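Reader: I should be grateful for a close reading of one part of this model, set in the context of the whole chain. Please proceed from the overall layout to the detail.

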Amino acid sequence: PHAIRLEGDLTLGGLFPVHARGPAGVPCGPVKKEKGIHRLEAMLYALDRVNGDPSVLPNLTLGARILDTCSRDTYALEQALSFVRSLLPPEGGEGQCPDGSAPRRPPPERLVGVIGASASSVSIMVANVLRLFA
């Protein structure tokens, strides 16, 4: 539920602590302005500048899928796994349309890298998981 998605030819992932850690049983708490929103805005600004200058990446646009870590390492890892889930086939197999044809699926998202997380311990944990899926 805490995500931003921008379409592009290549997608950069982002993991930022937009919210503080929530109370027991709730993953997310109040918004973190300086360490969360500012970092999120910096990434969006950089993408806007790169995409606005055709000499930087000719014929390509950068997109983004930015997720909130809620300042919680386990939640950040769960969010990072959503990057991987987009590459896997659907749980029920490929399925079949009512007319018997195979369903048309959008091509998998071309995630080329992930920016973040804010804490080194979270970044290391996320990097170890994402490394398994190249």
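In what order do the elements of the protein chain run from the N terminus on? Having set that out, please look closely at strand E5: which strands does E5 pair with, and are the residues of E5 buried or exposed?

Author: The model is a predicted one. From the N terminus on, its elements follow the order β-β-β-β-α-β-α-β-α, giving three helices and six strands in the protein chain. The mean pLDDT of the chain is 84, and 88% of its residues reach 70 or more. Strand E5, covering residues 62–68, has the highest mean pLDDT among the elements, at 93, whereas helix H2 (residues 73–85) has the lowest, at 84. Where pLDDT is low, the predicted coordinates should not be read in detail.

The sheet comes next. Four strands make up an open sheet of mixed pairing, in the order E1-E5-E2-E6. The edge positions belong to E1 and E6; each has a single partner strand, so one side of each is left without a neighbour in the sheet. From one strand to the next, the twist averages 15°.

E5 therefore has a partner on either side in the order E1-E5-E2-E6. With strand E1 (residues 3–6), the pairing is antiparallel and extends over four bridges; here Leu6 stands opposite Ala64 of E5. With strand E2, E5 runs parallel, and seven bridges join the two. In this pairing Ile66 of E5 is the bridge partner of Gly14. Gly14 also stands opposite Ile115 in E6, and E2 and E6 run parallel, joined by five bridges.

As to burial, seven of the seven residues of E5 are buried, so the strand is largely enclosed by the rest of the structure. The side chains alternate in direction: Leu62, Ala64, Ile66 and Asp68 point one way, while Gly63, Arg65 and Leu67 point the other way, and all are buried. For the protein chain of 134 residues, the buried share is 31%.

Two helices complete the surroundings of E5. Helix H1 (residues 33–52) lies across E1, E2, E5 and E6, and runs at about 175° to E5. Helix H2 also meets E5: its buried residues pack against E5, strand E2 (10–16), strand E4 (28–31), strand E6 (111–116) and helix H3 (120–131). The buried residues in H2 are Tyr75, Ala76, Gln79, Ala80, Ser82, Phe83 and Val84. The length of H2 can be checked as well: at 1.5 Å a residue, its 13 residues should span 18 Å, and the end C-alpha atoms are 19 Å apart, which agrees.

A further detail concerns Arg5, whose position falls within the range of E1, residues 3–6. Arg5 forms a salt bridge with Glu7, with the closest N and O atoms 3.3 Å apart. With a cut-off of 4 Å between a side-chain nitrogen of Lys or Arg and a carboxyl oxygen of Asp or Glu, the count comes to one salt bridge. Arg5 is partly exposed, at 48% relative accessibility, and Glu7 is exposed, with a relative accessible area of 64%.

Finally, for the chain as a whole, residues 24 or more positions apart account for 66% of the contacts with a separation of 6 or more.

Terms used:
Residues are numbered from 1 along each chain as its sequence is written. This is a predicted model: local features need pLDDT of at least 70, side-chain atom pairs count only at pLDDT 80 or more; totals for chains, interfaces and linings use all residues. Side-chain values use heavy atoms; hydrogens and water are left out. pLDDT is the predictor's confidence in each residue, from 0 to 100. The expected span of a helix is 1.5 Å times one less than its number of residues. Buried means under 20% relative accessible area, exposed over 50%, partly exposed in between (1.4 Å probe, protein chains only). Contact means heavy atoms within 4.5 Å. Two strands pair if DSSP finds at least two bridges between them. Axes are lines fitted to C-alpha atoms, for helices over the stretch in contact, and angles run from 0 to 180 degrees between N-to-C directions.
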